[in-house]
Amino acid sequence: IDRRWCMSHALVYLDAATDEERKFFAQYHDPLIKPKSSLQREGWNRLLFHPEQEVLVGEILAVVVSAVLLGRVSALRRDKALPKLDPTRKQNPAESTLQAVRCFSWAAALLGMQSPALYADPQYTGTVEMVPGIPPASRFGKQALSGRSAPELAFLAGHHLSGYREETFTRQLFSSIPDLEDIFLAALSIGNPGLPLAGQVKARVVPIAKAIEPILEPAAVDRLRGQFLRFVEEGGRTNLQRWANAVDKTASRAGLLLANDLRAAHTMIALEDPSHLEERMDDLLEFTTSERYGRLRRQLGVHIESN
């Protein structure tokens, strides 16, 4: 019955449902899911991650992400470009009356994560952004603080918070694919100092590796050595553009899992990333009708059970 409902959900979104399918969708559509358990790491890796989001790439970046964050914050501070957050706007999820704040706290618990510090700033014109810091925080803008439905906020929360996972946080810090490639190669070169690099690439990557390695614990360097060997065993090649695109699709999948509403997903993607709207929605339609999505719903206890 849950799989039938997911199919009717997709058909209703596409405006291709029969009257019976629309009635069936409406009968079981809950505007806010009521999960019985939270998502575990295995659920992320095996079911929620987009198939092109290579797990090993994320594991390698996760080892160096804290050092990369420190370097990014230091560079922004040096250039006097580090955003400043007003401490009076910091929100306490247990006491806040703002729906967005309560939704993000709920979403973090459901996704098996800790919520970052949350700030409400009506002067910020966007929805929500990660603000680099030690630790990083999230700032809500006016487009999230009012006029949003519960499913829209749930999608926004899942999408945004998925970027805080250690294996994907570098994507939050650097949207440029060449920057991601340099950081990834720097991590590999720490795992294997003899890694052959072309002249121009070496000139960029070696300084990054030299800045990162002193910050890492010996155990982290050992992890990179082991991961380099695994990377070689698995072919020694990757495509960071493809990986980053898959990370973005995973974020949308996390948003949909919480929102339980394809139209809410459409609204928020159109607002945040209109140039990729069709691609993202095609992926979400495929995901909605997949066995993976059904298994995630069962894990969370939000699936529809047969009477």
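# Exercises on a predicted model

The mean positions of the 37 positive and 37 negative charges of the protein lie 4 Å apart. The model is predicted. Keep that in mind throughout.

## Exercise 1: Overall fold

Task: State how many helices and strands the protein has, and test its radius of gyration against the value for a compact globule.

Solution.
- Step 1. Count the elements. There are 15 helices and three strands.
- Step 2. Get the reference. For 307 residues, a compact globule would have a radius of gyration near 19 Å.
- Step 3. Compare. The protein has 21 Å, which agrees.
- Step 4. Add the extents. Along the principal axes, the C-alpha trace spans about 65 × 50 × 35 Å.

## Exercise 2: Surface, burial and contacts

Task: Find what share of the residues is buried, what carbon and sulfur supply to the exposed area, and what share of the contacts joins residues at least 24 apart.

Solution.
- Step 1. Take burial. Of the 307 residues, 49% count as buried.
- Step 2. Take the surface. The protein exposes about 15200 Å². Carbon and sulfur atoms supply 50% of that area.
- Step 3. Take the contacts. Consider those between residues at least 6 apart in sequence; 72% of them join residues at least 24 apart.

## Exercise 3: Cysteines

Task: Decide how many disulfides the structure holds, and place Cys-6 and Cys-103 as buried or exposed.

Solution.
- Step 1. Search the whole structure. The search finds zero disulfides.
- Step 2. Check Cys-6. Its nearest cysteine sulfur belongs to Cys-103 and is 20 Å away. A disulfide needs the two sulfur atoms within 2.5 Å. Cys-6 is therefore in no disulfide.
- Step 3. Check from the other end. For Cys-103, the nearest cysteine sulfur is that of Cys-6, 20 Å away, and Cys-103 is in no disulfide either.
- Step 4. Apply the burial cut-off, under 20% relative accessible area. Cys-6 has 1%, so this residue is buried. Cys-103 has 9%, so this one is buried too.

## Exercise 4: Backbone exceptions

Task: Locate the cis peptide bond between Ile-134 and Pro-135, then treat the positive phi of Asp-15 and of Asn-260.

Solution.
- Step 1. Recall the background. Most residues other than glycine have a negative phi, and most peptide bonds are trans.
- Step 2. Read the cis bond. Ile-134 and Pro-135 are joined with omega about 0 degrees. Pro-135 sits in the loop between β2 (128-131) and β3 (137-140).
- Step 3. Turn to Asp-15. Phi is positive, about 60 degrees, and Asp-15 is not a glycine. The residue lies in the loop between α1 (2-13) and α2 (19-28).
- Step 4. Turn to Asn-260. Here too phi is positive, about 60 degrees, in a residue that is not a glycine. Asn-260 falls in the loop between α12 (240-259) and α13 (262-272).
- Step 5. Set their accessibilities side by side. Asp-15 counts as exposed at 57%, whereas Asn-260 is buried at 3%.

## Exercise 5: Three alanines in helices

Task: For Ala-62, Ala-107 and Ala-246, give the helix, the burial and the contacts beyond four places in sequence.

Solution.
- Step 1. Ala-62. The residue lies in helix α4 (residues 55-78). Its relative accessible area is 9%, so it is buried. Beyond four places in sequence, Ala-62 touches Glu-166 and Glu-167.
- Step 2. Ala-107. This one is in helix α5 (residues 99-110). At 0% relative accessibility, Ala-107 counts as buried. Its contacts, again leaving out residues up to four places away, are Ala-157, Leu-161 and Leu-258.
- Step 3. Ala-246. Its helix is α12. At 1% relative accessibility, Ala-246 counts as buried. With the sequence neighbours within four places set aside, Ala-246 is in contact with His-50, Glu-52 and Gln-53.

## Exercise 6: C-alpha distances

Task: Tabulate how far apart the C-alpha atoms are for Ala-62 and Leu-188, Ala-107 and Asn-245, and Ala-246 and His-50.

Solution.
- Step 1. Read each pair with its separation along the chain.

| Pair | Residues apart along the chain | C-alpha distance |
|---|---|---|
| Ala-62 and Leu-188 | 126 | 12 Å |
| Ala-107 and Asn-245 | 138 | 23 Å |
| Ala-246 and His-50 | 196 | 5.6 Å |

- Step 2. Link back to the contacts. Ala-246 and His-50, 196 residues apart along the chain, are in contact.

Terms used: Residues numbered from 1 in each chain as written. Predicted model: local features only at pLDDT ≥ 70, side-chain atom pairs only at ≥ 80, totals over all residues. Heavy atoms only, no water. Helix = DSSP H or I, 4+ residues; strand = E, 2+ residues; numbered from the N terminus. Rg over C-alpha atoms; globule rule 2.2 N^0.38 Å. Buried < 20%, exposed > 50% of the residue type's maximum accessible area, 1.4 Å probe, protein only. Contact = heavy atoms within 4.5 Å. Areas by Shrake-Rupley, 256 points an atom, 1.4 Å probe, with all protein chains shown as cover. Lys, Arg positive; Asp, Glu negative; His and termini not counted. Charge placed at Lys NZ, Arg CZ, Asp CG, Glu CD.
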